[in-house]
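User: Please take a close look at a single part of this protein, the last of its helices in sequence order, and explain how that part is placed against the rest of the chain. I would like the cut-offs behind each term.

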Amino acid sequence: VSAFPGIFRGLIDNKVKQVEKYMLINAAEVIASSVTDLKTTNILPSPLDKEVPKRISKVIAIDKKM
């Protein structure tokens, strides 16, 4: 719910034609860093948080290949 809108927006905005592994890792890092109150019962950000997809779309084309 949090990942797909941001990933697709990032792909479109950056005119990316192929999804790479590092893009998905970047998206996962944004999602993980968006959890404000980490507990065993709270490991994901709220699906209603509209900032998460925006943040994901900004990091999609940043190449952090390992």
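Analyst: What follows begins with the overall fold, turns to helix 3 and the core it joins, and ends with the loops and one aromatic pair.

This is a predicted model, in which local features need pLDDT of at least 70 and side-chain atom pairs count only at pLDDT 80 or more, while totals for chains, interfaces and linings use all residues. Residues are numbered from 1 along each chain as its sequence is written, and side-chain values use heavy atoms, with hydrogens and water left out.

The protein has three helices and zero strands, and along the sequence it follows the pattern α-α-α; helices (H or I, at least four residues) and strands (E, at least two) are DSSP runs numbered from the N terminus. Its radius of gyration is 12 Å, which agrees with the value near 11 Å for a compact globule of 66 residues, where the radius is taken over C-alpha atoms and the globule rule is 2.2 Å times the number of residues to the power 0.38. Along the principal axes, the C-alpha atoms fill a box of roughly 35 × 25 × 15 Å. Buried residues make up 30% of the 66 residues, where buried means under 20% relative accessible area, exposed means over 50%, and partly exposed lies in between, with a 1.4 Å probe and protein chains only.

Helix 3 spans residues 51-59, and within it Val-52, Pro-53, Ile-56 and Ser-57 are buried. Seen down the axis of helix 3, these buried residues fall within an arc of 135 degrees, so they line one face of the helix; the arc is that of the directions from the helix axis to the C-beta atoms. The buried residues of helix 3 pack against helix 1 (3-13) and helix 2 (21-33).

Val-52 and Ile-56 also belong to the largest nonpolar core, which has eleven residues in all, among them Ile-7, Leu-11, Ala-27, Val-30 and Ile-60. Such a core is a set of buried Ala, Val, Leu, Ile, Met, Phe, Trp, Tyr and Cys residues joined through side-chain atoms within 4.5 Å. Helix 1, helix 2 and helix 3 are the elements that give two or more residues to this core, and the largest share, five residues, comes from helix 2. Ile-7, leaving aside residues up to four places away in sequence, touches Leu-24, Ala-27, Ile-56 and Ile-60, contact meaning heavy atoms within 4.5 Å.

The loop between helix 2 and helix 3 holds Ser-34, which counts as buried at 8% relative accessibility. Ser-34 touches Pro-45 as well as Val-52 and Arg-55, again not counting residues up to four places away in sequence. By contrast, Lys-15, in the loop between helix 1 and helix 2, is exposed with a relative accessible area of 70%, and has a positive phi of about 55 degrees although it is not a glycine.

One aromatic pair is counted, that of Phe-4 and Phe-8, which is stacked at 6.2 Å centre to centre with 20 degrees between the planes. Rings of Phe, Tyr and Trp (its six-membered ring) pair if their centres lie within 6.5 Å, and planes under 30 degrees apart count as stacked, over 60 as edge-to-face and the rest as tilted. Phe-4 and Phe-8 are four residues apart in helix 1 and so are separated by about one helical turn; Phe-4 counts as exposed at 54% relative accessibility, whereas Phe-8 is partly exposed at 48%.
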